[in-house]
Number of protein chains: 2
Amino acid sequence: MAKSQALYAELVGKLQEVQTLESTSALLGWDQETYMPTRGVEVRARQLSMLASLGHAAFTDPRIGELLGELAASELVREPYSDVAAVVRETRRSYDRARKLPAELVKEMAATAVMAQQAWTEARGKGNYSIFQPWLEKTLGLKRREAECVGYKGHIYNALLDPFEPDETAENLRGVFAELRAPLVELVGRIVSSGRRAPIEILHRRYPADAQSTFAREAAKQIGFDFESGRLDVSVHPFNTGIGPGDCRMTTRYDENYFGDAFFGVLHESGHGLYEQGLPAEHWGSPLGQAISLGIHESQSRMWENLVGRSRSFWKFFFPKLHAAYPQATAGVSPEQWLWAVNHVEPSLIRTESDEVTYNLHIMLRFEIELNLLTGNLSTKDVPAVWNSMTRDFLGITPPNDAQGCLQDIHWSHGAIAYFPTYTLGNLYAAQFYQQAKSDIGGLEESFATGDFKPLLGWLREKIHRHGKRYSAGELVRRVTGRPLEAKPLLDHLTRKTKEAYGV
Amino acid sequence: MAKSQALYAELVGKLQEVQTLESTSALLGWDQETYMPTRGVEVRARQLSMLASLGHAAFTDPRIGELLGELAASELVREPYSDVAAVVRETRRSYDRARKLPAELVKEMAATAVMAQQAWTEARGKGNYSIFQPWLEKTLGLKRREAECVGYKGHIYNALLDPFEPDETAENLRGVFAELRAPLVELVGRIVSSGRRAPIEILHRRYPADAQSTFAREAAKQIGFDFESGRLDVSVHPFNTGIGPGDCRMTTRYDENYFGDAFFGVLHESGHGLYEQGLPAEHWGSPLGQAISLGIHESQSRMWENLVGRSRSFWKFFFPKLHAAYPQATAGVSPEQWLWAVNHVEPSLIRTESDEVTYNLHIMLRFEIELNLLTGNLSTKDVPAVWNSMTRDFLGITPPNDAQGCLQDIHWSHGAIAYFPTYTLGNLYAAQFYQQAKSDIGGLEESFATGDFKPLLGWLREKIHRHGKRYSAGELVRRVTGRPLEAKPLLDHLTRKTKEAYGV
């Protein structure tokens with residue numbers, strides 16, 4: 001027992017070293033997006049590349065393999081969700097993957113990502129897909145090699161999905177997405193044919209950046225984001241990054257002619273931040289101190305952004321504050337008008353600007369295309385045509401060009417293939433967790449109306465945050481809600497809110 | 001030849017790795033002082049400690065010793081100031097020092113510094129020297145051990161001075177300082193007895209922080225600081241840190257009731273920044289891409305702060321801009337009054353707030369005390385009495401308590417003993433270089449009056465910045481000015497300006 005405990009301590013110590021290097025990279029990445037001077041980019045690339053090498057070397061140290069082997073045979077892993085069992089299971093997963101990936105492949109993928117991103121930027125700027133196509137082709141080739149190196153069961157997609165969403169499969173996603181798709185398409189159709197349109201012009205009045213910053217911070221603080229353990233800064237592309245316990249940083253951007261971008265963006269990033277701030281500090285470095293998956297992370301951001309932040313009770317508390325913060329922009333606006341505007345649904349071309357209902361259709365389209373690209377059922381040259389025809393089928397509109405179609409997302413150029421589904425998984429998990437929270441906590445939404453978000457945050461901390469990676473996402477959702485992941489809670493939520501907003 | 005070139009390339013590659021780690025630490029340090037959330041300190045300590053270990057391991061790699069040995073025997077070092085000769089000479093100096101210091105001593109010094117700084121903070125807060133005394137005693141013991149480990153010629157002080165000011169000696173400093181001291185004491189005496197007092201209250205009017213930031217940035221840009229390769233932020237203790245070519249960051253703080261702190265602080269840090277931005281980027285990582293010494297670094301900051309920034313011609317250009325930036329605070333102020341106010345001389349207790357003339361007396365006092373503490377001629381318990389009596393001798397005033405006396409500086413608590421003289425060396429080098437620049441460049445100060453600082457910056461780049469550590473400080477000053485370091489240029493400058501301001 002004492003010997004196994006010592007081995008476990010040694011393993012955790014090694015993982016903490018890896019995490020220390022990774023958290024340093026995270027800070028450098030944050031600085032690069034927020035404050036780094038333009039010309040600092042060359043030294044920054046050296047720093048990040050060195051930290052990546054050091055981190056890789058530290059994590060693939062064969063001693064970690066030995067420790068995993070010895071611990072796997074010890075009495076400490078008998079209880080499947082014990083600290084040691086969870087740490088061994090999750091470390092084994094990422095250790096094996098890291099060891100199986102040849103260094104030259106990792107290097108080639110990193111180099112390709114740099115060039116593919118340049119090509120993508122140019123292609124999008126010129127609306128010319130053919131500039132990006134050879135790079136997408138090359139990226140797919142590398143990702144197929146990656147999949148073959150790490151191995152998989154079922155669809156080749158599973159090999160690439162695994163690091164983002166451990167244990168999730170294309171087969172399962174297909175099932176869940178199939179349940180979701182037809183009802184969503186139908187819902188959107190009903191909204192469009194209703195001819196009703198939310199008064200969204202009130203969101204496009206003048207909202208001064210300073211006031212936006214103050215108001216968004218106030219909201220973030222009110223829902224529980226701890227600014228002594230975190231920050232909010234400005235960057236071109238909003239993100240959240242957990243440097244470690246006591247240091248979680250989010251960013252946003254201010255459009256003075258649009259309220260929604262920064263405010264809901266900050267609620268979204270705060271949701272990520274609350275998860276990071278709720279991970280157990282004593283397990284920092286080990287899987288028990290890490291988020292389960294991108295889907296679960298996204299469930300936290302989407303819950304605060306959409307299920308909480310666009311709810312009637314949320315605005316019951318915040319509307320008077322909104323009015324005080326922007327007396328001119330909100331002059332004559334009623335709470336009902338406001339609530340409808342922030343819950344507006346309308347098919348649009350750009351995923352990142354889309355609403356809560358149509359968003360998932362954007363994801364399913366990408367998922368289908370990725371599946372077929374990987375198997376070779378779809379050729380890269382046919383992507384624009386397929387993209388456009390699917391957009392018509394799903395959303396009833398057609399991109400006028402590829403910049404607003406298949407070139408809109410940066411992800412594929414980064415090599416992030418099989419990443420998109422985690423966004424919809426986030427929406428699905430969020431709705432299922434939230435339904436459970438409402439059933440577990442009496443008067444949950446009534447508390448929002450008084451500015452009290454502690455009951456929900458406390459529930460999330462207890463049910464989700466404090467566990468780190470102790471359970472897989474699938475296991476967690478079963479433990480928390482008593483059921484596997486299902487489409488119904490999200491569909492119910494979306495149906496209810498569009499009924500309220502559009503009467504359909 | 002080809003083989004030696006390959007060895008040199010290998011050496012430089014290794015030094016660049018060390019520098020990459022150090023520059024990462026520099027960024028982490030900058031972030032800690034500027035933006036890090038309060039509770040981020042624990043993870044930050046882990047990150048910095050890990051980077052320090054990695055950097056130490058990389059720099060003390062025996063392979064570096066081998067490369068230095070082989071290169072020292074090669075034809076590439078025949079010319080004493082060739083790239084290779086300079087790199088070998090300077091790397092050998094720091095490599096030997098790093099190898100001679102036992103890891104346990106380095107660790108104990110780091111741990112002691114943390115605790116000594118806590119004790120110093122408490123002692124200063126309570127004005128109670130006895131809280132700090134045992135820590136000063138312990139620090140001195142460790143510094144004596146450090147000196148014995150690395151070895152030295154002459155005074156033990158030399159061993160500790162060397163990393164800050166290579167090749168400088170206590171013996172030489174004593175000589176230069178002796179030339180300086182009596183004339184300065186006499187000069188201060190004359191100013192005090194003149195009974196004349198600059199109208200410094202105009203500096204203590206209301207200067208809004210935003211306007212200070214804008215005006216200081218404008219001045220920094222005007223003298224040549226490149227904001228695409230650098231930043232200005234706010235921190236409690238102002239500093240400058242070079243992350244690497246293209247990334248040099250300075251900080252300041254804004255006192256809305258005092259003009260001088262931020263403005264001259266930014267000129268000072270810009271001077272450091274111009275040096276960093278002028279180091280040859282192609283030699284980044286090797287000694288040829290590094291500043292010569294703290295004294296030479298300080299000569300650049302002091303030159304821009306004092307010799308340029310407090311000059312008549314500088315304010316000829318900036319006074320109208322000052323007036324436009326702060327119409328209320330400068331209402332009715334004449335350029336002459338302003339010039340006198342920013343050149344005010346008056347004995348005061350706190351070094352960091354002291355003027356250009358009395359500043360050096362503060363340093364000489366500390367130098368004498370450090371010399372005697374290290375040899376044991378002065379006991380730590382007698383420091384307050386000696387400090388106070390020397391302050392009386394040098395400045396004619398007596399600290400009412402130790403917080404305004406021997407507890408005012410953080411340096412000793414950090415283990416930075418033998419650091420203070422580099423400040424006065426900076427003033428001396430600055431005056432000697434500046435005298436030479438005026439003689440080399442026709443109409444130098446006339447150009448300032450038109451806002452043109454390029455002739456001076458170009459001269460500094462050519463004579464000083466581009467050489468990195470190719471020459472020692474002593475060799476550089478001889479090459480640039482044709483003479484060894486002397487007290488006369490600084491004395492001439494101070495005499496001239498106080499004559500102009502006070503008529504004495």
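**A walk through the two-chain model**

With 504 residues, chain A would be expected to have a radius of gyration near 23 Å if it were a compact globule, and its value of 23 Å agrees. Keep in mind as you look around that this is a predicted model. Measured out along its principal axes, the box that the C-alpha atoms of chain A fill is roughly 70 × 50 × 50 Å.

What is chain A built from? There are 20 helices and 3 strands in it. Of its 504 residues, 43% count as buried. If you take the contacts in chain A with a separation of 6 or more, 72% of them come from residues 24 or more positions apart.

Now turn to where the two chains meet. Here 29 residues of chain A are in contact with 29 residues of chain B. On the chain A side, the elements that give two or more residues are the helices α1 (2-34) and α2 (41-59), along with the strands β1 (230-234) and β2 (240-244). Which of them gives the most? That is α1(A), with 7 residues. Sorted by class, the side of chain A that touches chain B has 11 nonpolar, 10 polar and 8 charged residues.

Next, move over to chain B and find helix α19, residues 473-481. Its buried residues are B:A473, B:L476, B:V477, B:V480 and B:T481. Look down the axis of α19(B) and you'll see these buried residues fall within an arc of 100 degrees, so they line one face of the helix. The spacing fits a simple rule: an α-helix has 3.6 residues a turn, so residues three or four places apart point the same way. And what do the buried residues of α19(B) pack against? Their partners are three helices of chain B: α11 (294-308), α16 (421-440) and α18 (454-463). Just after α19(B) comes B:G482, which has a positive phi, near 75 degrees.

One last stop in chain B is B:F318, which you'll find in helix α12, residues 312-325. Is B:F318 buried or exposed? A residue needs 20 or more C-beta neighbours within 10 Å to be called buried, and B:F318 counts as buried because it has 22 of them inside that distance. If you want to get a feel for distances, try B:F318 against B:R190: they sit 128 residues apart in sequence, and 30 Å separates them in space, C-alpha to C-alpha.

Definitions and conventions: Residues numbered from 1 in each chain as written. Chains lettered and ligands numbered in written order. Predicted model: local features only at pLDDT ≥ 70, side-chain atom pairs only at ≥ 80, totals over all residues. Buried ≥ 20, exposed ≤ 12 C-beta atoms within 10 Å, placed from the backbone. Helix = DSSP H or I, 4+ residues; strand = E, 2+ residues; numbered from the N terminus. Arc of directions from axis to C-beta. Contact = placed C-beta atoms within 7 Å. Nonpolar A, V, L, I, M, F, W, Y, C, P; charged D, E, K, R; others polar. Rg over C-alpha atoms; globule rule 2.2 N^0.38 Å.
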